[in-house]
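Colleague: I'm new to this one and would like a close look at a single part. Could you take me through the chain written first, and then add a little on its partner?

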Amino acid sequence: MTNVLFFSVYALFMLSVTGFCTHALRRDKKSFVFGTLSSLLGFLGLTILLITQVLNAEIDNLLLTNWLMAVIYYYTAYKTKNRLLGTAFMPIVLVLMTFVVFNDGTSLLTKTTYDGQFFLIMHQALLIAAFAIFFFTFAQSITYLIKLRALKNHNEMALDQELPSLDRLQQVFSVSFNRGWSAMTVGIAFAVIYYFKKDSEGFNELKVIWGSVLWLFYTVLFAMYNTKKMTCRNLARAVSILFLAFIIFYGCISTFGPSEASALTEVVK
Amino acid sequence: MTSPFISIIGLNHKSAPVELRERLSFGADKLKEILSYCCDSLSEFVLISTCNRTEFIFNGEQSILEKYLMEVGSLQESDFESFFYRYNDYEALEHLFRVASGLDSLVVGEVQILGQVKSAFELSFEQNYATANFAHIYQQMLKCARQVRRDTEIGKGSVSVASIAVQLSKNIFDHLSGKKVLLIGAGEMCELAGVHFFEAGVDQIMVANRSVENAEKLADKFKGKAFSLDQLEDAVWDADIILSSTGSPSYVLEKDLIKGAMSKRREPMFLIDIAVPRDIDPKINDLTDVFVYNIDDLNKIAEENRKKRGRAFGRAEEIVETKLKEFREEQALSSVGPLINSFRERLHGIKDDEQEKLFRKLSHLSDSDKDAINKSLHQIVNKLLHDPIITLRDEVKRDDSSRLVKVFKDLFNL
């Protein structure tokens, strides 16, 4: 049942990507409506999937991240009237769902069993939020760069009705970037506390290292941007590169890395 | 011959030169004067007077209105043939729908005309110069104009340089409130752009000009600040949007000046150069978060928008045609409504009379039998009525039905 639901959600998101991409190329309203409806149906399916997982006392972090990203996406797209955001955002959802498939064959990804340890739960919740915001920031950076390029090249005619003002895109981008960093930093702080309490039991070292490297880069960007040593344009470019590096690395370790089936908990996702 | 249910006499930018349009441009205060001149000759009357058109929409005698126009506009009779258009009935209605939808405007698809037509009608309703007949036309006209605007791109995209400048600014800045605009130059183009920015709600308009006196004059219109060109640097550092239109043979704004201003801010800066030769160094566009548009860029956008509106024109015409057809059908149906009612009453009356006679003869019938017979006869009459009524309605919708209506009346003695 859950597998059928999972693949239905996957298919709906795939249809949604097709709709949004067609809309970006042709700028026709129907494709946008099709993309939005498919994504909403996919989101509904994803919600039901997560509810069934919660009822079974287990939850997939990656799916939860996806769900949270979708919530942020709908809220922002509605508030900012950004019609191209879905084109940049939905493929990320699809990529993350692909990781879910390849990790465990046709079944859902490794489950996290909540053992009631406060620090671990806080760490996971905050990192899920941080990654959802970070992925969303990437989608936002893409639309920001598209708008910037269109305005610089005096070619905004094609896009002016699809995207909000540059100012608004910049605001949303900076807010999500800063909030993502805050959530990740606090989430990592909880992990450090848990690590000392539990003596590193249950940690996937490869992911811990990668998570730390990612956080380090993120911090450098955060510091440079907030001290006005980096422009919004350069930050958007850096975030895009950082995201791609993350996806490639995460994809590699999820697909070719050591199995995590025996691990009790998963810390960095 | 029946008198038209609506007539229009008027002139516009296509039919008459500006000198004549000026002479026949009326304010709302003229309505009373016109009507008292025309005495009881006009039962309903609306006056539309804009810079590009003066139109009289009325129900009544046309000649007296023409006489009035000849007097106030010092016109010859031949002028009516040369510069005026006259429409009656559905032709007038089509013209009105096209005007309200912006299809007859100088700038096709402009939005203001609908507001102006609406105000003209509303004023006539308030003063009781227009009543039920025009109220219905007014509602249909609004529906048509709104559908044209909603379903086509006729009104999308600005076509004047000043409004494109404002539109582009909104593409960069989310809100223009809180933004400061610097106009370099105090000429007509700067003034026009200033009006557009002022109406868009910018926080402050600054004017920098070689002659501080002229700068002050223009700045006063927007309650803004005036600067001389020597103080330009201070004004630039403060501005979010800069529009330049001077006669200077060299660049007024150099890259270093804008670079300095940008070092202190994170928000973008928008520069519009509508001067020829150019006032703003195009290399400034290379700076991060600075956007420079010149007159060619703005003209290109205007041309694109004009093309877009042109493409929507055909579709808009189709909508007007459909709405007219609907109106015509509705009018026709309402005109045969009383005829259909009397036809129905006549046949049911015959049925009731005959039924009564029958029941008198067959006095042994029980109430339930009588009820069954009544229902059956009622259905027979309804079935007999059905086809002629449907045919009449269809024919009436299709074309002029006066002959058919006469035949129908004669056939059934209505």
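Modeller: Here is a walk through chain A, with a short look at chain B at the end.

This is a predicted model, where local features need pLDDT of at least 70, side-chain atom pairs count only at pLDDT 80 or more, and totals for chains, interfaces and linings use all residues. Residues are numbered from 1 along each chain as its sequence is written, chains are lettered from A and ligands numbered from 1 in the order in which they are written, and side-chain values use heavy atoms, with hydrogens and water left out.

Chain A has eight helices and zero strands. Helices and strands here are DSSP runs (H or I over at least four residues for a helix, E over at least two for a strand), numbered from the N terminus. Read along the sequence, the pattern of chain A is α-α-α-α-α-α-α-α. Of its 269 residues, 52% count as buried. Buried means under 20% relative accessible area, exposed means over 50%, and partly exposed is in between, using a 1.4 Å probe and protein chains only.

Let's start with helix α2 of chain A, residues 29-55, where Leu40(A) is found. Leu40(A) is partly exposed, at 39% relative accessible area. Together with Val33(A) and Leu37(A), Leu40(A) forms a nonpolar surface patch with about 250 Å² of accessible area. A patch takes residues with over 30% relative accessible area and no salt bridge, joining nonpolar side chains (Val, Leu, Ile, Met, Phe, Trp, Tyr) within 5 Å and like charges within 9 Å. The areas come from the Shrake-Rupley method with a 1.4 Å probe, and for residues only the protein chains shown count as cover. A salt bridge is a side-chain nitrogen of Lys or Arg within 4 Å of a carboxyl oxygen of Asp or Glu. As background, an α-helix has 3.6 residues a turn, so residues three or four places apart point the same way.

Next comes helix α3 of chain A, residues 61-80, which includes Asn61(A). Asn61(A) counts as buried, at 2% relative accessibility. From Asn61(A) to Thr22(A) is 39 residues in sequence and 31 Å in space, C-alpha to C-alpha.

Then there's helix α5 of chain A, residues 118-152. It has 35 residues and reaches 49 Å from its first C-alpha to its last, close to the 51 Å expected at 1.5 Å a residue. That expected span is 1.5 Å times one less than the number of residues. Because 25 of its 35 residues are buried, α5(A) is largely enclosed by the rest of the structure. Just after α5(A), His154(A) takes a positive phi of about 60°.

Further on, Lys228(A) sits in the loop between α7 (205-226) and α8 (232-256) of chain A. Lys228(A) also has a positive phi, about 60°, although it is not a glycine. Lys228(A) is exposed, with a relative accessible area of 62%.

Now for chain B. Lys223(B) lies in the loop between α10 (212-221) and β7 (225-228) of chain B. Its phi is near 50°, a positive value in a residue other than glycine, and at 76% relative accessibility Lys223(B) counts as exposed. Elsewhere, a cis peptide bond joins Val276(B) and Pro277(B), with omega about -5°. Pro277(B) is in the loop between β9 (269-273) and β10 (290-294) of chain B.
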